[in-house]
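Here is a report on a structure that may be new to you. Keep the view open while reading.

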Amino acid sequence: MPNEMTVEENVLYIEALSHALRDEMRHDPSVMLMGQDIAGHGGAFKITKGFLDEFGPQRVRNTPIAESGTIGIATGAAILGQRPVIEMQFADFISCGFNQLVNVAAKMYWRTECAVPLVIRMPGGGGMGAGAFHSQNVESWFLHSPGLKVVAPAFSDDAYRLLRSAIKDPNPVIYFEHKFLYRRERTDLKGTEIGDRVVGEANVRRSGQHLTSISWGWMTHRVLEAAEIMAAEGVEIEVIDLPVLSPLDLDPILQSIEKTEHVAITHEATRTCGFGAELAARISDEAIWNLDGPVTRITYPDSPSPFNKKLEADRIPSVDVICDGWRQALQS
Amino acid sequence: MMDQPANSSPSNTGAPPEVSPAAAWLDTGSDHALREMHAYMRLTREWDLRYEKMFKTGALSKWYSSVGNEAATVAAASAIEKGDALVSLHRDAGAILRHYVDIETLIPEIFPSNMNLIRQPLGGDSRERLFRLACQMLGRQHGYSAGHERSYHYNHMEPEHGLIHIGMISHLGSMIPVAAGAALSFQQQKSDRVAINFIGEGATSTGDFHEGLNIASVWKLPFILIIENNHWAFSTPTSQQYACDNLASRAIGYGMAGVEVDGNDPIAMHQVMQEAVQRARSGEGPTLVEAHVGRHRGHSEGDDSLDQVPGDELKGYLENDPMDLIETRMVNGGIVSRAWLEEIREKCAALIMEVVDEAMSMPEPEPNSDRSIHAE
């Protein structure tokens, strides 16, 4: 079937996800969707609204509330030729399917050389006062599990392109989509070529010579805002966005650090053993002699997400907190 | 709907249920059916005895024995065909050997020339499969996981022969949804193929048992879950595992068929499986089969978990060894002589000895082999 692509201006992040799913389902009849309330209702965020009518109940399946069973069944079907895409209603609920993911799906290829082309869409992240179980950023759980690929796009065009690549990829891909960006982020979809797998990507979104910033997801937008403020102070931040966390494309980061000699990692996930810790370790391994100061981490504290929006906002790295972090990094 | 359990007596006492009558099915083909079941059960028994011996001499670091499970597993795998999926556990050598090996090609004299096989031959190279299976058990390069995974923790696919086998991970119960997923792929492809999966009674306590069976029944997947209930999970008896009378009745809660059967009787087991497979092929959904077998060995060889089984109970299991039962049945029925059974035993033992010795002589995996975590 033709590999048609949506080309459209000013596309909301959430629409980019719908477009990617629809285009890939039209392209490949083995793609099927599974998730809670995704069929008639179109999912908690309406991303698959209308899919049941177009693709039918065999390919768009409501599941019982059974994350482990769903991931296990999808894994078995994937081994034998289907390409299931699971929607976690919220990324937080993946904990109920943890064993199927990290022990069955993730290790399957290494153990058996049977490919598991499976995508799990993970609506994650905070900023909406949704409390401790609808706000988490749990990418580290999966970065620590060999065999999984992890994607966390910040922009609509990356979201579209990478969701299609993830579905084509013969490996399990954990696809973090940020709820805060769903109806706020807009980018043109230009019909960029779609890769047939997810590969490491580190994209320089803004050039600068004073400090390298690394971020992904929602935080990249705050980082870009903060970089504007710093520019007014005469400090030029090089903003590297990681739409793909695993596999990691480290080279652009190392090249940037060689130029800036300073690096700060900003993430919305909690601090201890967050991906920033691993990035700091990798940078220390490869580039410690190029650094003119310690690797700075600007993160959520080691705390669950509070319900009250003000309490939550105090914990998520703000534009001001990011700027302060950078200023301190540059003073050291 | 709930099938009438083949035996409705309380089964949580540790006592094996009475032999269920399968006489109606035992028509003119019965001699052949018993001979076919017996050949694979004997091959499986010799397979296990060989590794048990190697474990005792230190040539093998770990072994989980299938002794006592042969009738249930061989009969179950006799009910599936090319293109069906087998998802196995660590006491299912009988199902694997039945599924991989056309025994008449390896021991041609084992069956009479006019033998009507229950199952059509798989084709391909049975000996190579048996040899690679031995290499897998011994962690050799030629094993199905090239030495990376232990014993029965591997997959083997031969699409050209319709062989689909998905092995286990150590987390018991986890393969239930995965096996149901194999069934889902058949349903998506609008094929009439089915997936069968074995678990022990201990794994019925896991969440994946519930989630997998519930989804399988809601979606009417062509899936059969066989509980090999040997009444002991490591050292835990059924009285500490579940409080219901039997596990087959759990099927009622999922709106699926459930059947309890004597797993020591391969003919009864096969009949139950045939009905379940037929149900699955015709789109009527999954079946839960509870097959009672005896606890003949500990959880793994060399642990002392069998000490927990009370003496009388253990004696009952050993007296109902499925190998003895089928051989007595064959001799008493005038099908074969004791001498002929001994000849079959020797031939099976010699074949196993030969492939295991050959596997032992094969190279260890390449040091520092960099096995990819990702499919390319």
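A residue counts as buried if 20 or more other C-beta atoms lie within 10 Å of its own, as exposed if 12 or fewer do, and as partly exposed in between; the C-beta atoms are placed from the backbone. Helices (H or I, at least four residues) and strands (E, at least two) are DSSP runs, numbered from the N terminus.

This is a predicted model, in which local features need pLDDT of at least 70 and side-chain atom pairs count only at pLDDT 80 or more, while totals for chains, interfaces and linings use all residues. Residues are numbered from 1 along each chain as its sequence is written, and chains are lettered from A and ligands numbered from 1 in the order in which they are written.

**The sheet of chain B**

Start with strand 8 of chain B. Six of its six residues are buried. Ala257(B), Val259(B) and Val261(B) point one way from strand 8 of chain B. Gly258(B), Glu260(B) and Asp262(B) point the other way, and all are buried. In a regular strand the side chains alternate between the two faces of the sheet.

Strand 8 belongs to an open sheet of seven strands in chain B. Their order is 2-3-1-4-5-9-8, and the pairing is mixed. Two strands pair if DSSP finds at least two bridges between them. Strand 2 (155–158) and strand 8 (257–262) of chain B stand at the edges. Each has a single partner strand, so one side of each lacks a neighbour in the sheet. On average, neighbouring strands are turned by 15° against each other, direction ignored. Axes here are lines fitted to C-alpha atoms, for helices over the stretch in contact, and angles run from 0 to 180 degrees between N-to-C directions.

Three pairings in this sheet are set out here.

| Strands of chain B | Sense | Bridges | Opposite residues |
|---|---|---|---|
| 2 and 3 | antiparallel | four | Glu158(B) and Leu163(B) |
| 1 and 3 | parallel | three | Ala85(B) and Ile164(B) |
| 8 and 9 | parallel | six | Gly258(B) and Leu288(B) |

Strands 2 and 3 of chain B form a hairpin with four residues between them. In the turn, Gly162(B) has a positive phi of about 65°. Strand 3 of chain B also has two faces. Leu163(B) and His165(B) point one way, Ile164(B) and Ile166(B) the other, and all are buried.

**Helix pairs**

Helix 1 (residues 30–56) of chain B meets helix 12 (residues 338–360) of chain B. Their axes come within 9 Å and cross at roughly 50°. The two helices are therefore oblique to each other. Angles under 35 degrees count as roughly parallel, over 145 as roughly antiparallel, 65 to 115 as roughly perpendicular and the rest as oblique. The crossing is right-handed, meaning that the near helix is turned clockwise from the far one by less than a right angle; anticlockwise would be left-handed. Residues are in contact if their C-beta atoms, placed from the backbone, lie within 7 Å. Helix 1 of chain B contributes residues including Leu43(B) and Trp47(B), and helix 12 of chain B residues including Cys348(B) and Ile352(B). This contact divides into nine nonpolar, no polar and four charged residues. Ala, Val, Leu, Ile, Met, Phe, Trp, Tyr, Cys and Pro count as nonpolar, Asp, Glu, Lys and Arg as charged, and the others, Gly among them, as polar.

Glu52(B) is found in helix 1 of chain B. Is Glu52(B) exposed or partly exposed? Glu52(B) is partly exposed, because 17 other C-beta atoms lie within 10 Å. Leaving aside residues up to four places away in sequence, Glu52(B) touches Trp63(B), Ser65(B) and Glu301(B).

Chain A has a helix pair too. Helix 1 (residues 13–27) and helix 6 (residues 156–168) of chain A pack at about 30°, with their axes 8 Å apart. That makes helix 1 of chain A roughly parallel to helix 6 of chain A. Their crossing is right-handed. Among the contact residues are Tyr13(A) and Leu17(A) of helix 1 and Tyr160(A) and Leu163(A) of helix 6. This contact holds nine nonpolar, two polar and three charged residues.

**Between the chains**

The contact of the chains takes 31 residues from chain A and 32 residues from chain B. Helix 3 (67–79) and helix 4 (98–112) of chain A each supply at least two residues of the chain A side. The largest share of that side, nine residues, comes from helix 3 of chain A. The chain A side divides into 15 nonpolar, 15 polar and one charged.

Key:
Two residues are in contact if their C-beta atoms, placed from the backbone, lie within 7 Å.
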